Amino acid sequence: MHQGRRWIVPAARALVLALALVPVAGAAAAQDCALRDFLTMPLPGAGGDAVVVALEAAYPGLRADAGAGTITTPQGATVPLAPARDLEGAARLEGATVGDMFAQTYPPGYDLTARSVPWADPGRARNDALFRALYGDSARAVRAALVRVTYAGPGAQAAFDVTTRQCVATQLRAALEEAAALSPPPDDWFRDTGGSFNWRVIAGTDRLSAHSFGAAIDLNTGLGGYWRWSGATEGAAGPFQSTLPPALLAVFERRGFIWGGKWHHFDGMHFEYRPELILHARLTAGAGAPPQP
Ligand SMILES: [Zn+2]
């Protein structure tokens, strides 16, 4: 959820910007951003620490050491790799460790049943130090790596400012190209979009939003659905139904974006780059074995 700037690109400009990355400011360090499909990419077989494997496979150049309890980012910063705490509910979200990020499994596919359990919010726990190390420690630092990525469907255009760091822009560009090519095209979801980069805290909290790091976008704010706007109570967000096309969800998940519509505290417009959660779900479901020779 995000109530910031909107980017409705005029048609003429969209022709120029369509499917292109336009640098906004600065340049990110070189990183191997070969396009990846997180739903099908081969993963190591059993034996490794699933959190370590998921993090290293999700972020090219990242190194995680469970024994030493450290993560070294592709940019060389080191942050603690601490296990999940024995906490539940709202307490898990406050000061979340890296381990807490994986304490709930993000359910792959179009399945909204898991969210019926109060506080089943896989992805809402974010380790602040890791996000700052991956994407930037200030609005200025994050802004320096932003680019504009566009959706150019037959009946709607939209643009989002996201970070080039950790290959977010590369993956989002592919997702938006694939989304625009769906039949029927999900143009409705790309009208009245909620925005993208915005250095801010989550409503009602003092925690930084994923939007602060240029790693989240909001689609149509009216179609999306958001628990705070529904009048729901925290911890009892109630039922949620969505008209999001399953094919659109699949496009985003393939490219590493999780959907807030699966959260008990639903945020049905919100997509956030969390490939580590998609890979971790595959690894812990036993689906991570490499193809047999
Ligand atoms: Zn959002």
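A residue is called buried when its relative accessible area is under 20%, exposed when that area is over 50%, and partly exposed in between. Keep this in mind as you work through the exercises on this predicted model.

**Exercise 1. A salt bridge and its surroundings**

Find the residue that forms a salt bridge with Glu276, and decide whether the two are buried or exposed.

*Solution.* Start with the partner: Glu276 pairs with Arg274, and their closest N and O atoms are 2.7 Å apart. A salt bridge needs a side-chain nitrogen of Lys or Arg within 4 Å of a carboxyl oxygen of Asp or Glu. Next, look at the surroundings: both Glu276 and Arg274 are buried.

**Exercise 2. Two more pairs to compare**

Classify the residues of the salt bridges Asp121–Arg124 and Asp188–Arg191 as buried, partly exposed or exposed.

*Solution.* Here is the idea behind such pairs: side chains of opposite charge can pair when their charged atoms come close.

- Step 1: Asp121 and Arg124 meet at 3.1 Å, N to O.
- Step 2: Asp121 has a relative accessible area of 2%, so Asp121 is buried. Arg124, at 8%, counts as buried too.
- Step 3: Asp188 and Arg191 meet at 2.4 Å, N to O.
- Step 4: Asp188 has a relative accessible area of 47%, so Asp188 is partly exposed. Arg191, at 33%, is partly exposed as well.

To widen the view, the count for the model comes to 14 salt bridges. Asp37, Glu178, Arg254 and Arg255 are linked in a network of them.

**Exercise 3. Checking a helix with a ruler**

Work out what span helix H7 (residues 168-180) should have, and compare it with the distance between its end C-alpha atoms.

*Solution.* First, count the residues: H7 has 13. Then take 1.5 Å times one less than that number, which gives an expected span of 18 Å. Finally, compare: the end C-alpha atoms of H7 are 18 Å apart, so the two values agree.

Now turn to how covered H7 is. Ten of its 13 residues are buried, so you can call the helix mostly covered. Among them are Val168, Leu172, Leu176 and Ala180.

For a second helix, try H5 (residues 128-135): its buried residues include Leu130, Phe131 and Tyr135. After H5 comes Gly136, whose phi is positive, near 130°.

**Exercise 4. A strand and its partners**

Say which strands are joined to E8 by bridges, and how they run.

*Solution.* On one hand, two bridges join E8 to strand E7 (residues 193-195), and these strands run antiparallel. In this pairing, Thr193 stands opposite Asn220. On the other hand, three bridges join E8 to strand E10 (residues 270-273), again antiparallel. There, Ala216 of the pairing has Glu272 in E10 as its bridge partner.

As for its surroundings, five of the five residues of E8 (residues 216-220) are buried, so the strand is largely enclosed by the rest of the structure.

**Exercise 5. Zooming in on Asn220**

Which backbone nitrogen does the side chain of Asn220 reach, and which residues beyond its sequence neighbours is Asn220 in contact with?

*Solution.* Begin with the location: Asn220 lies in strand E8. With a relative accessibility of 8%, Asn220 counts as buried. Its side chain reaches the backbone nitrogen of Leu223 at 3.0 Å. Leaving aside neighbours within four places in sequence, Asn220 is in contact with Asp188, Trp189, Arg191, Asp192, Thr193 and Met269. You have met Asp188 and Arg191 already: their side chains form a salt bridge.

Note on methods. Residues numbered from 1 in each chain as written. Predicted model: local features only at pLDDT ≥ 70, side-chain atom pairs only at ≥ 80, totals over all residues. Heavy atoms only, no water. Helix = DSSP H or I, 4+ residues; strand = E, 2+ residues; numbered from the N terminus. Buried < 20%, exposed > 50% of the residue type's maximum accessible area, 1.4 Å probe, protein only. Pairing = 2+ DSSP bridges. Polar contact = N/O pair within 3.5 Å; in protein donor to acceptor, adjacent residues only side chain to side chain. Contact = heavy atoms within 4.5 Å.
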